[in-house]
Amino acid sequence: MPFLGQDWRSPGQSWVKTEKGWKKTTADEKNNNNNVSVESFCKAEKEECFNKENLLLSLSFDMSAKKRKKDQMNNNTKVPYFHRENWIYVHKGSTKERHGYCTLGEAFNRLDFCSAIKDTRRFNYVVRLLELIAKSQLPSLSGVAQKNYMNILERVVQKVLDDQQNVRPIKELLQTLYVSLCGLVQDMGKSVLVGNINTWLHRMENILQWQQQLDNIQINRPTSTGMTLTDLPVSLQLNIMQRLTDGKDLVSLGQVCPELGGLTEDRLLWKRLCQYHFTDRQIRKRLMVSDKGQLEWKKMYFKLSRCYPHREQYSDTLHFCTHCHILFWKDTNHPCTANNPDSCTMSLYPQDFINLFNF
């Protein structure tokens, strides 16, 4: 076996293993070989560093692209992340069969509210529910439920802009929500709202834009030359006005023309409005008598409206089965009613719906 170190019999030479076998090399050849190996090593290091830099740049680009896509989806998405179910099971505690409990946010996510706003019978019900959530229940919703709330609200506004109907209730809803958010945003950091404060500021800007769009609505007069409301007999006009359940709508109708304005001042109309929305005891506490000794029913109505809530009336509501604890829409069957038509169900007003989850 050859000597692997410096050979004392041949100073300046050393044995090097090559492809053809062992070979003697001088110091100069060794230095040249070392320089070549160093250069090749440096070149390899540079190529590796270059590849690493390219890899890091591609990874950072992918991460930034994914982040921009995620932010865009969070801020600009129009697709709500919830199931469209006709009924859900409301469980208030853990059992052997079920773990956890159903919250207001979960019910808001899973029930089909997007289709409900397209139904004329359910539109006012959903709007009232959105208003109650805006007043006090918005912080109790999860992040996904809060996003779905804003998505549903945007669809409601778009429907009003397209149909040019129910403008006043939606303007009141937006104003209530904006006032609530002004107070909640100031408490950001106290776990009041879920998400970045900039996201909520952007949503508040959207609310202001929606309010501006609703203010700019111009309802065009129909082009038909047929019979109008004022062409009907006075008795029929009064009969139609008696179908209105909101005094503000009656005032708006009276501003159309002087003839209708005179009919909307009828005392019997306002008396029926007061008796429809308020009890006799409430009316007796707010009596207002004119100089002629007559009751001022119109003034009493607006005074009572500031003190007591109005009577709510909806064409379609959510129902709750006390037997199987299923929450469902009125015209939707659930397993209990399919098997037992005589099951006990009760209609839920919007406030009752929220109280169902306060436990």
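**Exercise 1. Determine the handedness with which H4 passes H5, and describe how the two helices meet.**

Solution.
Step 1. The crossing of H4 past H5 is left-handed. The model is a predicted one.

Step 2. Locate the two elements: H4 covers residues 120-137 and H5 covers residues 143-163. Their axes come within 11 Å and cross at roughly 135°.

Step 3. Classify the angle. Angles over 145 degrees count as roughly antiparallel and 65 to 115 as roughly perpendicular, with the rest beyond 35 degrees oblique. H4 is therefore oblique to H5.

Step 4. List the residues in contact. H4 contributes Phe123, Val127, Leu130, Ile133 and Ala134. On the H5 side are Tyr149, Ile152, Val156, Lys159 and Val160.

Step 5. Sort them by class. The contact of H4 with H5 has 9 nonpolar residues, no polar ones and 1 charged residue. Lys counts as charged, and Lys159 is in the H5 part of the contact.

**Exercise 2. Find the residues with positive phi in the loop between H5 and H6, and say whether they are buried or exposed.**

Solution.
Step 1. Start from the general expectation: most residues other than glycine have a negative phi.

Step 2. Take glutamine 164, which lies in the loop between H5 and helix H6 (167-185). Its phi is near 55°, a positive value in a residue that is not glycine.

Step 3. Take asparagine 166, also placed in the loop between H5 and H6. Asparagine 166 is not a glycine, yet its phi is positive, at about 60°.

Step 4. Check accessibility. Partly exposed is the class between under 20% and over 50% relative accessible area. Glutamine 164, at 30%, therefore counts as partly exposed. Asparagine 166, at 35%, also counts as partly exposed.

**Exercise 3. State how many disulfides the structure has, and whether cysteines 114 and 274 are buried or exposed.**

Solution.
Step 1. A search of the whole structure gives 0 disulfides.

Step 2. Cysteine 114 has a relative accessible area of 1%, so it is buried.

Step 3. Cysteine 274 is buried as well, with a relative accessible area of 0%.

**Exercise 4. Describe the chain as a whole: its secondary structure, its burial and its contacts.**

Solution.
Step 1. Count the elements: the chain has 15 helices and 6 strands.

Step 2. Consider burial. The chain has 359 residues, and 33% of them count as buried.

Step 3. Consider contacts with a separation of 6 or more. Residues 24 or more positions apart account for 61% of these contacts in the chain.

Key: Residues are numbered from 1 along each chain as its sequence is written. This is a predicted model: local features need pLDDT of at least 70, side-chain atom pairs count only at pLDDT 80 or more; totals for chains, interfaces and linings use all residues. Side-chain values use heavy atoms; hydrogens and water are left out. A disulfide is a pair of cysteine sulfur atoms within 2.5 Å. Buried means under 20% relative accessible area, exposed over 50%, partly exposed in between (1.4 Å probe, protein chains only). Axes are lines fitted to C-alpha atoms, for helices over the stretch in contact, and angles run from 0 to 180 degrees between N-to-C directions. Helices (H or I, at least four residues) and strands (E, at least two) are DSSP runs, numbered from the N terminus. A crossing is left-handed if the near helix is turned anticlockwise from the far one by less than a right angle, and right-handed if clockwise. Contact means heavy atoms within 4.5 Å.
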